[in-house]
Amino acid sequence: MIESMAETAGGGPSDRDASILAMRAAGETLETIAQCVGLTRERVRQIVSKHGGATKAQARAASVSRRQQAETELSKAIERAVLARECETFEEIEQAFSLAPGEARRLTTSTARGALHTASGVARKWSHEEVVKALKEAATYEYPLVFSKYQTLVDRGVIDGPSAVRIHQVYGGWVNACTSAGVEAGAAPRDNYQSSWTDDDLWHYVRRYVADAGPLASFRGFDQWKRETCPEAPSAPTLRNRLGQWAEIRRAVVLEQGRDDEQR
């Protein structure tokens, strides 16, 4: 009776009914609304119907839209964490964001995916002291120390250290890293066309390719991009031979571009 008088006096639904209508329009189920306001599910349905509230189909659509929006925001948060290097594997993402197994792969954006370590397990984090030790040890085999020669030593298991790409990424350049370790950085030999490229040249073309093709740019797609867009660029095998594994090369560039975007 009181509810009816409130509606008649105000010419519309009571505050409680207005709240029910708003929740239904936002996609809440009748059961959830009933629990919130202390009514039966059937009574909530009657109130929604009486005031011309959202239909079942409209409520479902609103629920889907709300869930998609929430997932979009979560994907953006994951991307920020990956680009900030707070998470480096899908497993770390699932732990950081309390996700069910497999959910990280579905929610990770292409930009973040391109920056992730896709190998299982947690990526090793190298300290400055460990990097310096690896560079100094490598310099006993190759002096002055060249980017590609260091990577060869790592690939063959001769020394234990991060990839040359990771070192380039962390220290902002190969020469900077070698200088920090007290090691002389060597220039690439220039006795043929393939070896005439400097490391900076190679990184320049990798950045251009990833910017054009996106964060999931493939190794196989580089030569097609070269033919169609940038014929003066080195070949894909040259990049791999000099800079290391393509996944690591791409990851370094994606992380770099992500940081640049955040600073703009």
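## Close-ups of the predicted model

**View 1. Helix α4 packs its buried residues against α2 (15–25) and α3 (30–37).** This is a predicted model, as are the other views here. Which residues of α4 (residues 41–50) are the buried ones? They're Val-44, Ile-47 and Val-48. Around the axis they span an arc of only 100°, which means they sit on the same side of α4. Turn to the face pointing away from that buried side and you'll find the exposed residues Ser-49 and Lys-50. Once α4 is over, look for Gly-52, which has a positive phi, near 65°.

**View 2. A salt bridge within α4 joins Glu-42 and Arg-45.** The closest N and O atoms of this pair are 2.5 Å apart. Both residues belong to helix α4 and are separated by three residues, about one turn of the helix. That fits the usual geometry: with 3.6 residues a turn in an α-helix, residues three or four places apart point the same way. Buried, exposed or in between: how does Glu-42 come out? Glu-42 is partly exposed, at a relative accessible area of 37%. Arg-45 is also partly exposed, with 37% as its relative accessible area. For the whole model, the salt-bridge count comes to six.

**View 3. Arg-106 and Glu-71 meet side chain to side chain in a salt bridge.** Here the N to O distance is 3.1 Å. This pair links distant parts of the chain, with Arg-106 in helix α7 (residues 103–107), Glu-71 in helix α5 (residues 56–83), and the two positions 35 residues apart. Arg-106 is partly exposed, with a relative accessible area of 46%. Glu-71 is partly exposed too, and its relative accessible area is 26%.

**View 4. A loop residue, Glu-232, reaches a helix residue, Arg-208, through a salt bridge.** The closest N and O atoms in this one are 3.7 Å apart. Glu-232 sits in the loop between α14 (219–228) and α15 (236–243) while Arg-208 is in helix α13 (residues 199–213), so the contact ties together parts that lie 24 residues apart in sequence. Glu-232 is partly exposed, with 38% relative accessible area. Arg-208 is partly exposed as well, at 30%. Going back to the residues of the previous view, salt bridges with shared partners join Glu-71, Glu-103 and Arg-106 into one network.

**View 5. Asp-201 is another residue to pick out in helix α13.** Asp-201 is partly exposed, and its relative accessible area is 29%. How far is Asp-201 from Pro-234 in sequence, and how far in space? The two are 33 residues apart along the chain, with a C-alpha to C-alpha distance of 8.9 Å.

**View 6. Phe-222 and Trp-225 form an aromatic pair in helix α14.** To set the scene, the model's aromatic pairs number seven. In the pair formed by Phe-222 and Trp-225, the ring centres are 5.3 Å apart and the planes make an angle of 45°, so the pair counts as tilted, falling between the cut-offs of under 30 degrees for stacked and over 60 for edge-to-face. Both residues lie in helix α14, three residues apart, about one turn of the helix. Are Phe-222 and Trp-225 buried or exposed? Phe-222 is buried, and Trp-225 is buried too. Zoom out a little and ring pairs link Tyr-209, Phe-219, Phe-222, Trp-225 and Trp-246 into a cluster.

Methods: Residues are numbered from 1 along each chain as its sequence is written. This is a predicted model: local features need pLDDT of at least 70, side-chain atom pairs count only at pLDDT 80 or more; totals for chains, interfaces and linings use all residues. Side-chain values use heavy atoms; hydrogens and water are left out. Buried means under 20% relative accessible area, exposed over 50%, partly exposed in between (1.4 Å probe, protein chains only). Helices (H or I, at least four residues) and strands (E, at least two) are DSSP runs, numbered from the N terminus. The arc is that of the directions from the helix axis to the C-beta atoms. Contact means heavy atoms within 4.5 Å. A salt bridge is a side-chain nitrogen of Lys or Arg within 4 Å of a carboxyl oxygen of Asp or Glu. Rings of Phe, Tyr and Trp (its six-membered ring) pair if their centres lie within 6.5 Å; planes under 30 degrees apart count as stacked, over 60 as edge-to-face and the rest as tilted.
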